[in-house]
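Dear colleague,

Please find below the structure that I am handing over to you, together with its sequence. My account of what was found in it follows directly after.

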Amino acid sequence: MEKTNHHFVFIEAPVDIVGPQIIAWGEASWWPEGSQMRFNKTTSGELGIGTEYEMRIKAPFVSPLSCRVTKLDPAREIERTFLTGMFKGREIVSAEERYNGTKVKYTMYYQVQGILNAILWPILFRRLHDANIELIMAALKRYCEQKANPPEGT
């Protein structure tokens, strides 16, 4: 049975600043140093549908995951589908314009693969995953809000 993992953050910056940053998810300069996730692009060329990544997660017993971009709106949304690793499913990061900023949503639709992963996900990995996504969203928020409202004199 497919499960859902959902996070969101409100950013006081216009969608034209935020949108391109969510497309660069995993590769952007604002990506937090303390993130447990590292993305390595494994295909050449420009980012587009079909671009593949290896995701490495700094946690014991976690093998690298591979994923492919399966949906892309360069201004508002990226979807990656898991190809190998502990999950079957996909993750979507999207930006929605609001009156006074942008709402960014991270949603992962998944099934845990493997017996060890099924045991460790609810007792350890889920908590680590959630904390990591919150760290990433906070870094995105800081970056976009600073870009939208630079300090005076710069």
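Strands β5 and β6 form a hairpin with two residues between them, and G85, in the turn, has a positive phi of about 115°. Please note that the model is a predicted one. The two strands run antiparallel and are joined by five bridges, with β6 covering residues 87-98. Within this pairing, R80 has E91 of β6 as its bridge partner.

On the other side of the sequence, β5 (residues 77-84) is also paired with β4 (residues 65-73). These strands are again antiparallel, and seven bridges join them. A hairpin of three residues leads from β4 to β5. C67 has its bridge partner, F82, in β5.

As to the overall arrangement, the protein contains two helices and seven strands, which follow one another from the N terminus in the order β-α-β-β-β-β-β-β-α. The radius of gyration is 16 Å, which agrees with the value near 15 Å of a compact globule of 154 residues. Along the principal axes, the C-alpha atoms fill a box of roughly 55 × 35 × 25 Å. Of the 154 residues, 42% count as buried. Among contacts between residues at least 6 apart in sequence, 52% join residues that are at least 24 apart.

Turning to the interior, the largest nonpolar core comprises 40 residues. Those with the most contacts inside it are I11, V18, I22, W25, W30, F87 and V104. Helix α2 (residues 115-148) gives the most to this core, namely nine residues. V18, leaving aside its neighbours within four places in sequence, is in contact with I11, A13, A95, T102, V104 and C144.

Helix α1 (residues 15-23) deserves a separate remark. Seven of its nine residues are buried, so this helix is largely enclosed by the rest of the structure. The buried residues are V15, I17, V18, G19, Q21, I22 and I23. They pack against β1 (3-11), β4, β5, β6, β7 (101-112) and α2.

The aromatic residues form 10 pairs. In one of them, the ring centres of W31 and F39 are 5.7 Å apart and the planes stand at 85°; the pair is therefore edge-to-face, as the angle is over 60 degrees. Both W31 and F39 are buried. Another edge-to-face pair is formed by F87 and W121, at 5.0 Å centre to centre and with 85° between the planes. This pair links distant parts of the chain, since F87 belongs to strand β6 and W121 to helix α2, 34 residues apart. F87 is buried, with a relative accessible area of 6%, and W121 likewise counts as buried at 6% relative accessibility. The cut-off applied here is under 20%. In addition, ring pairs link W25, W30, W31, F39, Y53 and Y106 into a cluster.

Two charged side chains are placed over aromatic rings. R80 lies over the face of Y53, at 4.7 Å from the ring centre. The charged end of K103 sits over the ring of F8, 4.7 Å from the centre of that ring. R80 thus appears twice in this account, as the bridge partner of E91 and over the ring of Y53; Y53 itself is a member of the aromatic cluster.

With kind regards

Key: Residues are numbered from 1 along each chain as its sequence is written. This is a predicted model: local features need pLDDT of at least 70, side-chain atom pairs count only at pLDDT 80 or more; totals for chains, interfaces and linings use all residues. Side-chain values use heavy atoms; hydrogens and water are left out. A nonpolar core is a set of buried Ala, Val, Leu, Ile, Met, Phe, Trp, Tyr and Cys residues joined through side-chain atoms within 4.5 Å. Buried means under 20% relative accessible area, exposed over 50%, partly exposed in between (1.4 Å probe, protein chains only). Helices (H or I, at least four residues) and strands (E, at least two) are DSSP runs, numbered from the N terminus. Contact means heavy atoms within 4.5 Å. Two strands pair if DSSP finds at least two bridges between them. Rings of Phe, Tyr and Trp (its six-membered ring) pair if their centres lie within 6.5 Å; planes under 30 degrees apart count as stacked, over 60 as edge-to-face and the rest as tilted. A charge sits over a ring if NZ of Lys or CZ of Arg is within 6 Å of the ring centre and within 35 degrees of the ring normal. The radius of gyration is taken over C-alpha atoms; the globule rule is 2.2 Å times the number of residues to the power 0.38.
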